[in-house]
Amino acid sequence: KKDEVVRRFLSLEALGRLSMANVSNGMVKQAFLFGCFTGMRLSDIEALRWEQISLVNGAPFIDFRQQKPGGVERLPLSEQAVRTLQAVKELHVEYAPSGSEHVFILPSRSVISKHLHKLGASAGRNWLLHFHSSRHTFATLALTPGNDLFTVSKLLGHREIATTEVYSH
């Protein structure tokens, strides 16, 4: 049996404070928020290209192959995720002035971690904010209002429902 791990996540209130926090790297903040609204892993967010975002019957989706476990996904985007993408588009003027096919222009993982630690502190977190906390936030906030475990499991790309059950606290 595996040891139980503390999975840190943000409440809606903390997510609101974090979205309003001033940071030195707006792209890292937007990538983290996008993770909170989609449940996508950092590796998938780093690889995301504009061409993977499309409308299907008028609804926005992302088509991508997950880095882990490797499955092909069609992920519906919430209004918050779409608004985050609009903010990212505006940031491209600063972060990719000559253009880029990547949605998020991110620094190295160690620099991302430093920015997230500062972002978490500025939003009142008394624990170090890590990128994977965005995925935990998505799962917890999706299950809290009563969404079924199977749906959330599929949105996260989990192959086993037991993997998602850890968020049903």
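In what order do the three strands of the open sheet lie, and is their pairing parallel or antiparallel? In this predicted model, the order is 1-2-3 and the pairing is antiparallel. Strand 1 (53–56) and strand 3 (72–76) sit at the edges, each with a partner on one side only. Going from one strand to the next, the twist averages 35 degrees.

The sheet belongs to a protein with eight helices and three strands. Read from the N terminus, the elements go α-α-α-β-β-β-α-α-α-α-α, so the strands come as one block with helices before and after, going by the definition of elements as runs numbered from the N terminus. Of the 169 residues, 41% count as buried. The exposed surface comes to about 9500 Å², with carbon and sulfur atoms supplying 52% of it. Among contacts with a separation of 6 or more, 60% are between residues 24 or more positions apart.

Back to the sheet, taken pair by pair. Strand 1 and strand 2 run antiparallel and are joined by four bridges. One of the facing pairs here is Leu55 with Pro60, the latter in strand 2. The two strands make a hairpin with two residues between them, and Asn57, in the turn, has a positive phi of about 55 degrees. On the other side, strand 2 (residues 59–65) pairs with strand 3, again in the antiparallel sense, this time over five bridges. Phe61 has Pro76 of strand 3 as its bridge partner, while Arg65 stands opposite Val72 in that strand.

Just ahead of the sheet comes Gln52, in the loop between helix 3 (42–47) and strand 1. Does this loop residue count as buried or exposed? Gln52 counts as buried because its relative accessibility is 19%, and the cut-off for buried is under 20%. A polar atom of the Gln52 side chain lies 2.6 Å from the backbone nitrogen of Arg49. Setting aside residues up to four places away in sequence, Gln52 touches Ala47 along with Phe61, Ile62, Asp63 and Phe64. Phe61, the bridge partner of Pro76, is thus one of the residues that Gln52 touches.

Next, the aromatic side chains. How many aromatic pairs turn up in a search of the whole structure? The search finds two. Phe32 and Phe131 make an edge-to-face pair, at 5.8 Å centre to centre and with 85 degrees between the planes. This pair links distant parts of the chain: Phe32 is in helix 2 (residues 26–38), whereas Phe131 is in the loop between helix 5 (109–122) and helix 6 (132–143), 99 residues apart. Phe32 counts as buried because its relative accessible area is 0%, and Phe131 is buried as well, at 9%.

The other pair, Phe34 with Phe104, is tilted, with 5.3 Å centre to centre and 50 degrees between the planes. Phe34 lies in helix 2 and Phe104 in the loop between helix 4 (79–95) and helix 5, so this pair ties together parts that are 70 residues apart in sequence. Phe34 has 0% relative accessibility and therefore counts as buried. Phe104 is buried too, with a relative accessible area of 3%.

Helix 2 also holds Gln30. Which residues are in contact with Gln30, leaving aside its neighbours within four places in sequence? They are Thr84, Ala87, Val88, Leu91 and Phe104, the last of which is the ring partner of Phe34. Gln30 counts as buried because its relative accessibility is 13%.

The final stop is Thr137, in helix 6. Thr137 is buried, since its relative accessible area is 0%. Its C-alpha atom is separated by 8.5 Å from that of Gly35, although the two residues are 102 residues apart along the chain. Leaving aside neighbours within four places in sequence, Thr137 is in contact with Phe9, Leu10, Leu15 and Cys36.

How values were computed. Residues numbered from 1 in each chain as written. Predicted model: local features only at pLDDT ≥ 70, side-chain atom pairs only at ≥ 80, totals over all residues. Heavy atoms only, no water. Pairing = 2+ DSSP bridges. Axes fitted to C-alpha atoms, helices over the stretch in contact; angles between N-to-C directions. Buried < 20%, exposed > 50% of the residue type's maximum accessible area, 1.4 Å probe, protein only. Contact = heavy atoms within 4.5 Å. Areas by Shrake-Rupley, 256 points an atom, 1.4 Å probe, with all protein chains shown as cover. Polar contact = N/O pair within 3.5 Å; in protein donor to acceptor, adjacent residues only side chain to side chain. Phe/Tyr/Trp six-rings, centres within 6.5 Å; stacked < 30°, edge-to-face > 60°.
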